[in-house]
Amino acid sequence: MVVGMNITFLGTSSAQPSMTRNHQSMALRVDGDIWLFDCGEATQHQFQKSSLKMGRITKIFITHMHGDHCFGLGPLMCSMTDNLNPEKKLQLQDATQQEQPPIDVYGPARLRRWLRTTLSSTYSNLGRYYRVHEILGPEEEESIDDPTHFHPQELLGTTVRLTPAAVLDVGRGFTVTATAIKHSIPSLGFVIQEPDVMGKLDRDTLVPQLLRNAEALFRQQGIKQPLVLLGRLQREGKPIQLPDGTWLNPPDKKQGRQVVILGDTCDPSSIIPYCQSPHLLVHEATNAWTSLDRDNLATTEALVEERAVQHGHSTPQMAGDFALRIGARTLILTHFSARYKGDDSEDGIKVMEEIRQLALARFGKDKDTDLYCARDLWSFEIKHR
Ligand SMILES: [Zn+2]
Ligand SMILES: [Zn+2]
């Protein structure tokens with residue numbers, strides 16, 4: 001079955017938030033569930049301003065441990081699990097009594113201990129269990145966790161090694177592949193792969209074929225309602241032969257959607273082997289050479305890129321080059337410097353269009369619908385091809 005899939009940008013700023021941009025966070029909605037990517041400070045406020053429900057979050061992925069990507073995690077987890085009534089909360093003595101599965105949090109080394117310390121030091125009590133799955137490089141030391149030090153609602157998560165990628169089984173037939181991408185500290189990129197899905201049944205062709213065979217189906221196979229075979233066709237995806245020799249063919253499969261979400265980076269090339277012309281690439285574009293810099297004779301396009309790379313970041317041109325390299329269908333830029341306003345002001349619109357054009361010149365697409373600069377609370381529908 002084809003499920004709805006869209007992404008909402010809850011925060012689009014880099015290191016400093018501004019009046020028009022909150023710290024990083026993206027909500028990927030997969031058929032009603034929310035998989036949250038990064039959780040900068042005040043992400044819970046952004047949820048309140050959006051139509052998304054925090055209680056629908058089932059998984060949280062943290063790309064790296066810089067505060068603009070994770071400082072909102074503790075408060076968000078308190079708020080999103082606080083909707084249990086107090087009696088139920090008291091009953092929450094062990095994991096088997098809970099109605100909802102634990103919240104799965106995935107991310108780099110230090111995440112488990114940092115979150116435990118944050119929640120425990122503040123005496124925070126959650127209405128749901130959680131567990132942290134750490135994604136570690138080959139050399140990174142595994143934390144030896146003593147369960148007596150766990151937060152009261154913490155369950156032991158897994159440790160996954162990057163060899164050089166780590167494939168996470170996230171259920172629903174989806175996989176999430178993580179790789180280490182280049183930044184000033186360990187940073188992760190994620191490839192989210194939807195399984196191939198069955199297309200729509202061609203009822204106009206199939207129903208008359210079934211009705212023509214209704215009597216023979218009942219006589220030979222005891223099938224009282226011939227249209228039940230439509231369900232079997234959809235479920236099993238195998239051709240079925242009817243008594244008159246006609247073959248009922250299942251619909252063609254639709255290729256599953258692929259979404260690539262990168263943490264901060266100046267070089268994400270390690271993720272290329274896992275990308276197959278993704279439907280969507282989300283790439284940072286922290287610094288750009290725009291009209292805001294033209295009066296500063298000491299700044300050039302090359303210098304802006306040099307400084308961005310020194311800090312482990314990218315320019316729009318670097319993001320455009322990468323999108324072209326992996327054959328992405330759509331590129332969304334995010335993680336902008338506080339200099340670039342994310343509102344409807346004239347100067348905000350002007351500078352963001354300049355940034356978009358810088359990436360578009362490299363991405364090389366002639367349709368302007370394929371490249372966007374994200375704004376806070378903006379959503380994008382991820383469609384099958
Ligand atoms: Zn950042
Ligand atoms: Zn960073």
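This report looks at a zinc site and at the largest pocket of a predicted model.

**The zinc site**

Let us start with the metal. Four residues coordinate the zinc ion (ligand 1): D68 and D264 through OD atoms, H69 and H335 through NE2, at 2.1 to 2.2 Å. Along the sequence, these donor residues follow the spacing D-H-x194-D-x70-H. H69 belongs to helix α2 (residues 67-70), while D264 lies in the loop between β16 (258-262) and β17 (280-284), so the pair, 195 residues apart, links distant parts of the chain.

The angles subtended by the four donor atoms run from 91 to 167°, which makes the arrangement around the zinc ion (ligand 1) irregular. For a tetrahedral label, all angles would have to lie between 85 and 135 degrees.

A second metal joins the picture: the zinc ion (ligand 2) is 3.5 Å from the zinc ion (ligand 1), and D264 coordinates both.

How accessible are two of these donors? The table gives the values for H69 and D264, with buried meaning under 20% relative accessible area.

| Residue | Relative accessibility | Class |
|---|---|---|
| H69 | 1% | buried |
| D264 | 2% | buried |

**The largest pocket**

Now to the open space in the model. The largest pocket has a volume of about 270 Å³. It is lined by 15 residues, of which M352, R356, Y372, C373 and R375 are the closest to its centre. Helix α11 contributes the largest share of this lining, five residues; α11 (346-363) and β19 (371-373) each supply at least two. Sorted by class, the lining holds seven nonpolar, six charged and two polar residues.

Notes. Residues numbered from 1 in each chain as written. Chains lettered and ligands numbered in written order. Predicted model: local features only at pLDDT ≥ 70, side-chain atom pairs only at ≥ 80, totals over all residues. Heavy atoms only, no water. Donors = N, O, S within 2.8 Å, 3.2 Å for Na, K, Ca; no water. Tetrahedral: all angles 85-135°; square planar, octahedral: opposite > 155°, others 65-115°. Helix = DSSP H or I, 4+ residues; strand = E, 2+ residues; numbered from the N terminus. Buried < 20%, exposed > 50% of the residue type's maximum accessible area, 1.4 Å probe, protein only. 1 Å grid on protein atoms, 1.4 Å probe; cavity = no way out; pocket = protein on both sides within 12 Å on 5 of 7 lines; lining within 4 Å. Points joined across faces, edges and corners; volume = space filled by probe spheres on them. Nonpolar A, V, L, I, M, F, W, Y, C, P; charged D, E, K, R; others polar.
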